[in-house]
Amino acid sequence: MSTEQRSRAPMVETGARNREPEPRVAAVRRSVLVVEDEEDLARVIRRHIEDIGCQVRIARSGESALEAIARDPYDLVLLDVMLPGIDGLEVCRRLRARHPYLPVVMLTARSSEIDKVLGLETGADDYLTKPFGVQELLARIKAIFRRMDSLAAQHTAPDRIIQAAGCLRINPATREVFLRDHAITLTHREFDLLRHFAENPGRVYTRAQLLDAVWGYSHEGYEHAVNCHINRLRAKIEPDPRAPRLLLTAWGVGYRFTTESIDPA
Ligand code: CA
């Protein structure tokens with residue numbers, strides 16, 4: 001194997017090759033795919049994510065990222081926008097088609113890309129602007145995993161279907177959402193956001209409160225991400241997203257979910 005091939009080979013856990021596969025234990029080790037072509041940065045990210053107990057694989061191009069995702073299950077994808085070949089935005093679009101719930105955190109060098117990253121078409125859950133601090137990266141990742149754990153805990157509870165606005169049916173156990181009888185596919189974060197609103201109709205939330213409740217952390221300057229997710233949700237659930245009837249704007253404050261019964265027809 002040449003040095004070039006070795007450096008491109010998928011990362012393998014040290015010592016894993018000669019051992020029998022271990023049975024899955026209760027404390028599941030999270031698996032993270034880091035898609036980043038800058039080797040030094042990828043290595044640093046990998047080391048820090050491994051330190052919080054995750055298994056990490058690195059993909060250095062969009063193509064190899066999509067191959068890795070098709071081959072193995074991941075709990076989270078950290079995806080750089082600027083990649084050789086197909087870029088991170090396109091990778092996100094393509095993986096969303098098959099994995100609507102897989103959490104994707106995008107790494108972007110330009111804040112002007114944020115709208116595109118969080119847009120309906122790309123469908124990322126989160127972003128970090130380069131350069132970012134390690135603590136911020138880890139806080140994001142941990143928040144997503146905390147969220148997944150609390151959802152997993154709810155799976156064991158008896159199913160409780162949430163009926164909202166007379167037209168939405170939300171099943172927290174299966175993450176299915178129906179508008180009337182039409183199934184709607186929501187990302188991880190869109191689902192959490194809708195559920196939070198639907199469980200608290202009429203209550204006004206500021207962007208900071210929503211970050212805290214749905215993202216699991218509050219980060220200054222990140223409020224814009226809330227607007228992007230609200231727009232995405234509206235595009236999926238509102239009969240006319242330009243004139244929202246379900247997810248309403250509380251001018252100068254934030255957002256609230258309707259208390260009325262809406263006929264989306
Ligand atoms: Ca890059």
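Start by selecting residues 62-71, helix α3, together with residues 88-98, helix α4: in this predicted model the two pack at an angle of about 20°, and their axes are 9 Å apart. Angles under 35 degrees count as roughly parallel, so that is how α3 and α4 run relative to each other. Turn the view to look through one helix at the other, and you have a right-handed crossing of α3 and α4.

Now show the side chains where the pair touches. Which residues of α3 meet α4? On the α3 side, pick G62, A65, L66 and I69. Their partners in α4 are G88, E90, V91, R94 and L95. Color this contact of α3 with α4 by residue type and you get five nonpolar, two polar and two charged residues.

Next, jump to residues 223-237, which make up helix α9. This helix has 15 residues, and from its first C-alpha to its last it reaches 21 Å, close to the 21 Å expected at 1.5 Å a residue. Keep α9 selected and look for its buried positions: A225, V226, C228, H229, I230, R232, L233, R234 and I237. Note that H229, R232 and R234 are among the buried residues there.

Finally, zoom out to the whole protein chain. How many helices and strands does the chain have? Switch to cartoon and you can tick off nine helices and twelve strands. Color by burial next: of the chain's 265 residues, 30% count as buried. If your viewer draws a contact map, look away from the diagonal, too: among contacts with a separation of 6 or more, 57% come from residues 24 or more positions apart.

Conventions. Residues are numbered from 1 along each chain as its sequence is written. This is a predicted model: local features need pLDDT of at least 70, side-chain atom pairs count only at pLDDT 80 or more; totals for chains, interfaces and linings use all residues. Axes are lines fitted to C-alpha atoms, for helices over the stretch in contact, and angles run from 0 to 180 degrees between N-to-C directions. Helices (H or I, at least four residues) and strands (E, at least two) are DSSP runs, numbered from the N terminus. Angles under 35 degrees count as roughly parallel, over 145 as roughly antiparallel, 65 to 115 as roughly perpendicular and the rest as oblique. A crossing is left-handed if the near helix is turned anticlockwise from the far one by less than a right angle, and right-handed if clockwise. Two residues are in contact if their C-beta atoms, placed from the backbone, lie within 7 Å. Ala, Val, Leu, Ile, Met, Phe, Trp, Tyr, Cys and Pro count as nonpolar, Asp, Glu, Lys and Arg as charged, and the others, Gly among them, as polar. A residue is buried if 20 or more other C-beta atoms lie within 10 Å of its own, exposed if 12 or fewer, and partly exposed in between; C-beta atoms are placed from the backbone. The expected span of a helix is 1.5 Å times one less than its number of residues.
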